[in-house]
Number of protein chains: 2
Amino acid sequence: MVEYYEIAEFLKNFSDASRVKIVLALIDEELSVNDIALKVGMTQTAVSYQLRILRDSRIVKHRRAAQTIYYTIDDEHINKILTTTSEHLEERKSL
Amino acid sequence: MVEYYEIAEFLKNFSDASRVKIVLALIDEELSVNDIALKVGMTQTAVSYQLRILRDSRIVKHRRAAQTIYYTIDDEHINKILTTTSEHLEERKSL
DNA sequence: TTATTATATGTGTATATACGCATATTCTAA
DNA sequence: TTAGAATATGCGTATATACACATATAATAA
């Protein structure tokens with residue numbers, strides 16, 4: 001059984017605009033920390049800070065190539081959750 | 001188009017254990033504020049505080065009957081988002 | 001009207017958190 | 001080995017937030 005606090009703990013990852021922006025930037029694309037920073041318009045430090053949180057929650061995974069570390073989404077479900085949410089919000093807009 | 005910050009703003013509602021608990025308590029059941037407080041083991045004030053947030057985000061709706069105010073989930077999508085998340089977490093547990 | 005019930009809200013506070021800055025760490029190239 | 005590049009992290013801080021307590025508001029009953 002999944003408990004209520006586990007759901008909260010997990011969805012907390014998407015409660016911050018910066019983190020959602022980073023996750024969306026990684027959909028269907030593998031990016032380095034600097035690439036992400038450039039793409040979302042944040043500093044390297046801020047991106048690193050948020051990536052650690054997303055990594056700890058297993059939302060993103062990474063691989064190293066020399067000094068560069070590349071990040072990707074860890075699971076297709078992540079995509080589904082954001083898509084479902086997006087559709088819900090889209091539908092609500094017409095009300 | 002749904003923007004990244006709208007997704008974050010919406011999912012922020014489920015980033016707190018108390019709110020998730022309250023929303024889960026309301027699935028398939030209409031409850032008064034006091035009923036909710038009893039069911040989830042929180043004070044009336046704390047429940048009221050969280051209900052306002054959920055109301056403002058249109059996640060729950062309410063109707064008045066004399067002094068009592070009854071709350072329900074505003075949309076079936078809410079259920080779906082929590083279910084999808086729950087399934088995702090359930091699957092991950094076996095890894 | 002007054003008392004009572006159900007809920008909401010203002011204020012204060014302890015805690016969480018996002019991010020900047022400086023620095024550490026890891027790896028590569030010269 | 002030393003310099004440089006890419007990323008991570010410790011520390012400080014401004015801001016957000018969850019909740020307690022007391023009180024206000026709304027509706028009903030006596």
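I will go through two surfaces in this structure, the one around DNA strand C and the one between chain B and chain A. Please keep in mind that this is a predicted model.

DNA strand C comes up first. There are 26 residues around DNA strand C, and the closest of them are A:Lys12, A:Thr43, A:Gln50, B:Ser48 and B:Tyr71. That list has residues from chain A and from chain B.

Which part of the strand faces the protein, the sugar and phosphate or the bases? If you take the atoms of DNA strand C within 4 Å of the protein, 74% are sugar or phosphate atoms, and the rest are base atoms.

Three side chains can be named at the phosphates. An N or O atom in the side chain of A:Gln50 is 2.6 Å from a phosphate oxygen of DNA strand C. For the side chain of B:Ser48 the distance to a phosphate oxygen is 2.6 Å, and for B:Asn34 it is 3.0 Å. As for secondary structure, the elements giving two or more residues to this surface are, in chain A, α2 (17-25) and α4 (44-56), and, in chain B, α3 (33-40), α4 (44-56) and β3 (68-73). By class, the surface near DNA strand C has twelve polar, eight nonpolar and six charged residues.

Now the protein interface. On chain B, 35 residues are in contact with chain A, and on chain A the number is 35. The two chains bury about 3,400 Å² between them, with 65% of that on carbon and sulfur atoms. Of the area that chain B buries against chain A, 18% is supplied by B:Tyr4, B:His88 and B:Arg92, and no other three residues supply more.

How many salt bridges are there between chain B and chain A? The count is two. In one salt bridge, the side chain of B:Lys93 meets that of A:Glu6, at 3.2 Å from N to O. Polar contacts across this interface come to twelve residue pairs, with both residues at pLDDT 80 or more.

Which elements of chain B give two or more residues to the side that touches chain A? They are α1 (4-11), α2 (17-25) and α5 (76-93). The largest share comes from α5(B), with 14 residues. Sorted by class, that side of chain B has 17 nonpolar, eleven charged and seven polar residues.

To recap, α4 of both chains gives residues to the surface near DNA strand C, while α5(B) gives the largest share of the side of chain B that touches chain A.

How values were computed: Residues numbered from 1 in each chain as written. Chains lettered and ligands numbered in written order. Predicted model: local features only at pLDDT ≥ 70, side-chain atom pairs only at ≥ 80, totals over all residues. Heavy atoms only, no water. Near = heavy atom within 4 Å. Polar contact = N/O pair within 3.5 Å; in protein donor to acceptor, adjacent residues only side chain to side chain. Helix = DSSP H or I, 4+ residues; strand = E, 2+ residues; numbered from the N terminus. Nonpolar A, V, L, I, M, F, W, Y, C, P; charged D, E, K, R; others polar. Contact = heavy atoms within 4.5 Å. Buried area = accessible area lost by both parts, 1.4 Å probe. Salt bridge = Lys/Arg side-chain N within 4 Å of Asp/Glu carboxyl O.
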